[in-house]
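The following exchange is intended for a reader who meets this structure for the first time. Each answer sets a value against the criterion that gives it meaning.

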Amino acid sequence: MVVPMGQAPRGAGDAAPRPAPPGPANRTRRDVARGLRAGALAGVLAPVLTAFRSPRPGPAEADPPGGTAPAFEQTYRGRRLRGVWTPGRTPAEDGRWHVTVDGRPLHLMRRADGGWLSTVDHYCSYRTPLEAARAAVDALGPGEQLRDAAPAPKDTGHAHGEGRHGVRA
Amino acid sequence: MVYVRKDAGTLTAAERRRFVKALLEVKRRGEYDEFVRMHLAYFSSDGERGLRTAHMAPSFLPWHRRFLLDLETALRRIDPSVTLPYWDWTRDRTAASTPWTADFLGGDGRRSDRQVMTGPFAYRQGDWTIEVGVTDGGFLTRDLGRRGDPLDLPTASDLERALRDPVYDVAPWDSTVTRGFRNKLEGWGTGRGGAAWRNHNRVHRWVGGAMLGAASVNDPVFWLHHAFVDLQWYRWQRRHGGARYLPARPPGPRDGQHRRVVARHENLPPWDVTPDELEDVGRIYRYA
């Protein structure tokens, strides 16, 4: 399932809200406000949608050089979410997402329908990496953090060949 | 000698005790965490490259059948009277029913951090520390029924919809197929919300906590859940006159699924076994 161009990923903010602890909630509102003030929201979504239109962008249409600028960066329920999309260097090479929650890597996998699933919420998928990251936060318990060196399928490599480096798009 | 896998709800207190004791011993020996690692290693998704064996693939059923047999062998090395029980989630549907009792798998996680506090797998008992996990807590977590946004376990009629399909699986043999027994049972749906999880996947969601993640094997209910899933394969075969595993032959070189799924007579990594050899295990165990 591909998010149509020009349409914000609906539901990105519709996960059932639960009461957040006072501190982080304040921070959330502040960060969101700051993001809106900077007019950053559209900019946050654009690269995500680009990534969807073009899972393997060729050099001509690749994201701006210095692809380390985050495609999304926000606070959700007191958790810091950040997603960086790195396009493949050649048409044959897959681009990849590097998504973190509170600075710790969240491993994502791509589904054949274009959706994304994370190692935290592994038995269903979401339309965008951001939605998958939010769903992972929803699934984490209060105070529960991702393991810094969380075991992930990509780290084990065997039987998969193909050198599974990072998260593919 | 054919052994019997029983409905968890019918086990005697002694049977429950012996099963738990054998599991704890497998854990103590370090063997259990190898099962957790293996399940993690073999979860490849169908939107990526490479061979899929354990999920989003026709070999979902034989892969887990063999995985269960390996654990069962480890348990039976410790206590030959032990077999894997199954959890019939169409019947035992609440957080108070089998298998969530203090003398068996323990109950729900507590509200504050979802930590399981009762039963032999509670962290404070000291026998069940999560070593190979996705998150940093060393304790087992559950969120039965998902308190924040409740959902129900799959029903008998949900299961019936899968069992009714006379075809084992269909091309492209992945999570997007809407026909075929395999994915209707595995449960990859389309869309969002409740409809997106069916049968097998929905049960992982319902249990929550560790069971929702890639390291779901950390919750011993994983085995009881998959034993029930395995039983459905047997029931489906019986209902459809011994219908076979598909694909019978590997997808050809021009097929997008070429070398990405395991055909009936191909090797099923990581084992030296084929789906064909796992279709009938009647000489090893049967279900009561």
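The questions below concern a predicted model, beginning with confidence and then turning to individual elements and residues.

Q: How do you know that confidence varies along chain A?
A: On a scale from 0 to 100, the mean pLDDT of chain A is 63, and 47% of its residues reach 70 or more. The lowest confidence in the chain falls in strand E7(A), residues 167-168, at a mean of 30, while the highest falls in strand E1(A), residues 72-76, at 97.

Q: Which stretches of chain A have a pLDDT that stays under 50?
A: One such stretch is residues 1-66 of chain A, for which the model has 75 contacts beyond four places in sequence. Residues 154-169 of chain A also stay under 50, and there the model has 37 contacts beyond four places in sequence. Where pLDDT is low, the predicted coordinates should not be read in detail.

Q: What makes up the secondary structure of chain A?
A: Chain A has 4 helices and 7 strands. Along the sequence they follow the pattern α-α-β-β-β-β-β-β-α-α-β. Of the 169 residues in chain A, 37% are buried. Among its contacts between residues at least 6 apart in sequence, 55% join residues at least 24 apart.

Q: Why is strand E1 of chain A called largely enclosed?
A: A residue is buried if 20 or more other C-beta atoms lie within 10 Å of its own. In E1(A), 4 of the 5 residues are buried, so the strand is largely enclosed by the rest of the structure.

Q: How do you know that E1(A) and E2(A) pair?
A: Pairing requires at least two bridges between the strands. E1(A) and E2(A), the latter covering residues 79-86, have 5 bridges and pair in the antiparallel sense. In one of these strands, E2(A), A:Arg79 is the bridge partner of A:Tyr76. The hairpin has 2 residues between the strands, and A:Arg77 takes a positive phi near 50°.

Q: What makes up the side of chain A that touches chain B?
A: On this side, 36 residues of chain A are in contact with 40 residues of chain B. The elements of chain A that give two or more residues to it are strand E5 (108-110) and helix H4 (153-156). Its residues divide into 16 nonpolar, 11 polar and 9 charged.

Q: Why is helix H6 of chain B called largely enclosed?
A: H6(B) covers residues 199-207, and 9 of its 9 residues are buried, so it is largely enclosed by the rest of the structure. Among the buried residues are B:His200, B:Arg202, B:Val203 and B:Trp206. The cover over them includes helices H4, H5 and H7 of chain B. Just after H6(B), B:Gly208 takes a positive phi of about 70°.

Q: How do you know that the length of helix H3 of chain B agrees with its number of residues?
A: The 19 residues of H3(B), 60-78, should span 27 Å at 1.5 Å a residue; the end C-alpha atoms are 28 Å apart, which agrees. The buried residues of H3(B) include B:Phe60, B:Trp63, B:Arg65 and B:Glu72. Helices H1, H2, H5, H7 and H8 of chain B are included in what covers them.

Q: Why is B:Asp219 called buried?
A: The cut-off is 20 or more other C-beta atoms within 10 Å. B:Asp219 has 27 C-beta neighbours inside 10 Å, and therefore counts as buried. B:Asp219 lies in the loop between H6 and H7 of chain B. Beyond four places in sequence, B:Asp219 touches B:Leu140, B:Arg142, B:Val207, B:Ala210 and B:Met211. From B:Asp219 to B:Arg235 the separation is 16 residues in sequence and 26 Å in space, C-alpha to C-alpha.

Q: What makes B:Leu224 a buried residue?
A: B:Leu224 has 24 other C-beta atoms within 10 Å and is therefore buried. B:Leu224 is found in helix H7 of chain B. Leaving aside residues up to four places away in sequence, B:Leu224 touches B:Ala8, B:Pro85, B:Tyr86, B:Trp87 and B:Pro99.

Q: Which residues touch the most other members of the largest nonpolar core?
A: The largest nonpolar core has 100 residues, and those touching the most other members are A:Leu106, A:Ala132, A:Ala133, A:Ala136, B:Ala215 and B:Leu224. H7(B) gives the most to this core, with 9 residues.

Key. Residues are numbered from 1 along each chain as its sequence is written. Chains are lettered from A and ligands numbered from 1 in the order in which they are written. This is a predicted model: local features need pLDDT of at least 70, side-chain atom pairs count only at pLDDT 80 or more; totals for chains, interfaces and linings use all residues. A residue is buried if 20 or more other C-beta atoms lie within 10 Å of its own, exposed if 12 or fewer, and partly exposed in between; C-beta atoms are placed from the backbone. Two residues are in contact if their C-beta atoms, placed from the backbone, lie within 7 Å. Ala, Val, Leu, Ile, Met, Phe, Trp, Tyr, Cys and Pro count as nonpolar, Asp, Glu, Lys and Arg as charged, and the others, Gly among them, as polar. The expected span of a helix is 1.5 Å times one less than its number of residues. pLDDT is the predictor's confidence in each residue, from 0 to 100. A nonpolar core is a set of buried Ala, Val, Leu, Ile, Met, Phe, Trp, Tyr and Cys residues joined through C-beta atoms within 7 Å.
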